[in-house]
Amino acid sequence: MAFKDYDFNDTYFATFDDEKALVTKDIQVYYGDNHAFHDGNLSFSRNKITALIGASGSGKSTYLRCLNRMNDDVARVTGQIMYRGMNINSSDVNVYEVRSHIGMVFQRPNPFAKSIRENITFALKQHGLKNKSELDKRVEESLRGASLWDEVKDRLDKSALSLSGGQAQRLCIARAIAMKPDILLMDEPASALDPISTKNIENTLNQLKKDYTIIIVTHNMQQASRISDYTSFFHLGHALEFDRTERIFTNPHVKATEDYISGNFG
Amino acid sequence: MDQIKAKLMKPSKETKQETVGKIISYTCIVAIMLLVLLVLYFIISFGMSTFTKNNVNLWSFLSGTNWSPGQVDAHGNPEVGALPMIVTSFAVTILSALVATPFAIAVSLFMTIIAPKHGKGFLQAIIELLVGIPSVVYGYIGLTLVVPFIRHLYGGTGFGILSGTIVLFVMVLPTITSLTVDSLKAVPRYYLEASLALGATRWQTIYKVILRAATPGILTAIIFGMARAFGEALAVQMVIGNATLMPKSLLTPAATLTSQLTTGIGNTVMGSLPNNALWSLALILLLMSLVFNIAVKFVGSKGDLNK
Amino acid sequence: MNPKIANKIADAVIYILVAIVVIILALLIGFILITGIPHISWHFLTSVSQSFSAGGGIRDQLFNSIYLLILTLIISFPIALGSGIYLAEYAPKNWFTSLIQTAIEVLSSLPSIIVGLFCYLLFVIEFQLGFSILSGAIALTFFNLPLLTRSIQESLESVPDLQRQAGASLGLSRWKTITGIIFPIAIPGIITGIILSAGRVFGEAAALIYTAGESAPAISYSNFNPFNPASFLNPMRPAETLAVHIWKVNTEGVTPDASQISSGSSAVLIIVILIFNLGAHYLGKHLYDKMTASK
């Protein structure tokens, strides 16, 4: 697909004076010699939902996966990711700790081939939580948090593979929030789901917002406009615009964003 | 806040786990590598000692036709001519692959294109079972069925290259067939459908489209079959006759590299020339096995280039 | 030639070739089973083999085959598992990994007589283990390792990457993800691989003639001390297996009823391997169903 030529220097990044959960400075991603992502400079506000939108190949997923260092094995990532005042994009930093503070939910539901309960407790036990009643409490809390409790509370010891796609995805959300992370990264969490499951997930996200900072990649613009507070537009490995969501969808500054929003793109 | 920061900077239980896990799996892979190097080193160094310690001329070893390592010829050189074994090994290998290939291709075509329903169940199970039958069983059947049959048909002892070829044919048939089936299955189904839709007959489609596309895979299958035939020891040893003579016909007793190794190693003294000469036969086997490996790689990469 | 006629001829040729193969196969399997099964009796399975007189059984050979198989799996499985994990999970895509892959392919394509002779040289003679079950198990390990490593690697690789990412995203170490999440999913495939390789090990003879030896000294099944030379558990005693026994009675033996023993033993071998094959299919499918379906 051929895109129109857009000027990558035609950018607009609004700044807001609220508390930041995560700030990235000058993120570059290289797959071998291929410079796949350029100049990631975005800030994510605490307890808000930020949506990353753009066409496929825009680099939004690549960028998202840098934030909890999921790209460590496949790519070279330079630049700074500031979390609690320290740069976590450094080989000195314990990557396992990073990931237990910055959780992730993937495009396709990927529950473990274990029971519903074990899906949630497996990582908790590994991180040192052994107390049975505490574990049970976490299971219930996180399943409630993911709006799944009522559907599965009677069959917690059944295989997670028996869940429907939408339920499985909410289980993955529950699994992520059971770790009590600060930040949740979501990589198109509803793209493999039917409209009703999608609606359920979106409702869940709105609930989660009060406790978590959420960064969500989506190619569904309606979804972004429905759930997010801030939106950033990505194109061909560049972040071109960042602003309040209603601003992006009504009156964007950047030409590329405007074309994308209005469907006049590529 | 600072607690979290400190945790982020410190190695955790996971860091340690990862190190332990890496050490375990790296150790295992290094162990396998060492085993391979050890085998290569030992066979090569022992196999070379015929030429380095006993000063046997390499060329006379490869081209000589008299094998009686305990004795010396008129010039005082030991009689270690390996040519009869080399020729016999190649003869049974090539002949059995030549006979087996058309059968293997026919069966594979039958299983994948002509009657896939039968192919999946019955034939598949039989082929798998045949791959698993131990070589001594093939040898025993060769000894009790094939050798008397040949003797009855042509006279003589019944032992020889022909019996060896027949036994090896049955042994390599399942190997070649199952790999050929894999390569035919890898040909996209729409090749067949498109060709038939254009009005080609089934045979034209098979011959001009399917077999062409599967050629590298079939060649690989044949090489694997040949490697199995060349390295097979006991089944061949039981029916070949074990006479280290230059084969004059397919019906006279002969000996392959493997059969000579099997019968000889136990009857020679370590470090003596007759023993070293046997290790040199093992070295030839090893080198041929490497050649088959390289051939598979080569054919495989050719296949990739054509795609 | 008219393509229609060519098509008919080709079809006929293929059918004839397939028919010949089917006849050969039927003859082969029929011959083994028909001549062999009548000789299988409780007496045959439970009495000691005879060298010079008729009526010998295969008790010790059968036990040796099983014992050797178990020892081989005990030695080779951990190494194959570690290597399979390395290749499936840790190996980077570079020249070194392809060198390792090549080395494993070379090992798997070595003629088994070569492996046997190498182990004879190194373990039986150099390390003075003598003709023993242990030497035989080491030889069979060489033979078994590449097969088992590859099947473990393939089973692990068939687990979707999403599972690994899920493990990583929860702050688990890669090792914990492999052992706690990936490995359980791969178990059905790994078990199938083990059983299939067990079938090959069970029937192997060429690698054993010069390692486990061709003799079956009298052993006592009531002596459980593995260090006692007469104990059936002693890994340092020479041990002729069933496959080696078939070879020996046909080539070197003077037993009068060699052909009865051979056909009986062959039938036993085939039946065991058939059970292994069917078992692998059944168990693999059963475990897979159990893993994926809801409990």
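# Tour of a predicted three-chain model

Begin at Thr215(B): helix 9 of chain B has a kink of about 60° there, shortly before the proline Pro216(B). The model is predicted. Now select the whole of helix 9 of chain B, residues 202-231, and place a distance between its end C-alpha atoms. The helix has 30 residues, yet those ends are only 38 Å apart, short of the 44 Å that a straight helix would reach at 1.5 Å a residue.

**Stop 2: a charged pair across chains**

Stay on helix 9 of chain B, go to residue 202 where its range of 202-231 starts, and show the side chain of Arg202(B) together with Asp11(C). The two form a salt bridge, with their closest N and O atoms 3.0 Å apart. Side chains of opposite charge can pair when their charged atoms come close. Across the interface of chain C and chain B, three salt bridges are found. Polar contacts between chain C and chain B come to 14 residue pairs, both residues of a pair being at pLDDT 80 or more.

Which elements of chain C should be selected to see the side that touches chain B? Helix 1 (3-36), helix 3 (59-90), helix 4 (95-109), helix 5 (112-126), helix 6 (133-157), helix 8 (174-203), helix 9 (242-251) and helix 10 (258-292) of chain C each give two or more residues to that side. Colour helix 1 of chain C separately, since with 19 residues it provides the largest share. By class, the side of chain C that touches chain B divides into 53 nonpolar, 17 polar and five charged residues.

**Stop 3: the C-B contact as a whole**

Select the contact residues on both sides: 75 residues from chain C and 69 residues from chain B. Between them, chain C and chain B bury about 6,700 Å², and 81% of this is on carbon and sulfur atoms.

**Stop 4: chain C alone**

Hide the other chains. What secondary structure does chain C have? Chain C has 10 helices and zero strands, so a cartoon of it reads α-α-α-α-α-α-α-α-α-α from the N terminus on. Along the principal axes, the C-alpha atoms of chain C fill a box of roughly 70 × 70 × 45 Å.

**Stop 5: the B-A contact**

Bring back chain B and chain A. Here 14 residues of chain B are in contact with 16 residues of chain A. The area buried between chain B and chain A is about 1,300 Å², with 59% of it on carbon and sulfur atoms. This interface of chain B and chain A has zero salt bridges, but six residue pairs in polar contact, both at pLDDT 80 or more. To see the chain B side, select helix 1 (2-9) and helix 2 (13-52) of chain B, the elements that give two or more residues to it. That side has five nonpolar, three polar and six charged residues.

**Stop 6: a salt bridge within chain A**

Over all chains, the whole structure has 26 salt bridges. One to show is the pair Asp229(A) and Lys209(A), at 3.3 Å from N to O. The pair links distant parts of the chain, 20 residues apart. Asp229(A) lies in the loop between helix 8 (221-227) and strand 11 (230-235) of chain A, and Lys209(A) in the loop between helix 7 (195-208) and strand 10 (213-217) of chain A.

Terms used
Residues are numbered from 1 along each chain as its sequence is written. Chains are lettered from A and ligands numbered from 1 in the order in which they are written. Side-chain values use heavy atoms; hydrogens and water are left out. Contact means heavy atoms within 4.5 Å. Buried area is the accessible area (1.4 Å probe) that two parts lose on being put together, summed over both. A salt bridge is a side-chain nitrogen of Lys or Arg within 4 Å of a carboxyl oxygen of Asp or Glu. A polar contact is a pair of N or O atoms within 3.5 Å; within protein, one must be able to donate a hydrogen and the other to accept it, and residues adjacent in sequence count only if both atoms are side-chain atoms. Helices (H or I, at least four residues) and strands (E, at least two) are DSSP runs, numbered from the N terminus. Ala, Val, Leu, Ile, Met, Phe, Trp, Tyr, Cys and Pro count as nonpolar, Asp, Glu, Lys and Arg as charged, and the others, Gly among them, as polar. The expected span of a helix is 1.5 Å times one less than its number of residues. The bend at a residue is the angle between axes fitted to the seven residues ending there and the seven starting there.
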